[in-house]
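Here's a friendly walk through a protein model. Have a look at the sequence and the structure, and then we'll go through it piece by piece.

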Amino acid sequence: MISHTATGLMGEYIAASAALEFGFRVSMAQQDKVDLVCWSDKNEFFRVQVKTSHLVTKDRRRSPVYHFQLGSGCKTKHLPSEEDYDLLCLVGAEHRRTLWMPTRSVRQYTKRVSPKLFDAPEAERASFFKAIEIVREVRR
């Protein structure tokens, strides 16, 4: 079994490689709430929080699913705000793929994601650029 630290680091590298593939530059940040900083040729900077999950297949009553913990804080969990970071990247560990969302779309503490969403050929790219577009709109 991989440790939580190794799983998180693996997810950060997968997220960084996705952003690089989409033409952005990336720096590993590893600060509170910010794992990566990515930026465009236009010098637009985006703070990224990465959440990585392994496929849960143990429960016979349910189909396999990725279960992400979106809240932060040790004892009392709270939802992120746009002051915390700009983009949330969900990494499906077994798929080695990403789904992206703007922070303002995070409205729940946990999120279950079907593995089928990571299989969709354009889901990774489409979710990244849609999230970037929303952050740009908010900033205007």
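Keep in mind that what you're looking at is a predicted model. A good place to begin is strand β2, residues 36-39, which pairs with strand β3, residues 45-53. The two of them are antiparallel, and 4 bridges link them. If you'd like a spot to look for, find Trp 39: across from it, in β3, sits Phe 45.

Now zoom out a little. That pair belongs to an open sheet of 5 strands, and if you read across it the order is β1-β2-β3-β6-β7. The pairing in this sheet is mixed. At the edges you'll find β1 (25-28) and β7 (97-102), each with a pairing partner on one side only. Going from one strand to the next, the twist averages 30°.

Let's head over to the β7 end. Here β6 and β7 run antiparallel to each other, joined over 6 bridges. One pairing to pick out is Val 91, whose bridge partner in β7 is Thr 98. The two strands make a hairpin, with 4 residues between them. In that turn, check out Arg 96, which has a positive phi of about 50°.

So what lies across this part of the sheet? That would be helix α3, residues 123-139, which lies across β3, β6 (87-92) and β7. Its direction is at about 20° to that of β7.

Finally, is β7 mostly buried or exposed? Of its 6 residues, 5 are buried, so this strand is largely enclosed by the rest of the structure. Remember that β7 is also an edge strand of the sheet, pairing on one side only.

Methods: Residues numbered from 1 in each chain as written. Predicted model: local features only at pLDDT ≥ 70, side-chain atom pairs only at ≥ 80, totals over all residues. Heavy atoms only, no water. Pairing = 2+ DSSP bridges. Axes fitted to C-alpha atoms, helices over the stretch in contact; angles between N-to-C directions. Contact = heavy atoms within 4.5 Å. Buried < 20%, exposed > 50% of the residue type's maximum accessible area, 1.4 Å probe, protein only.
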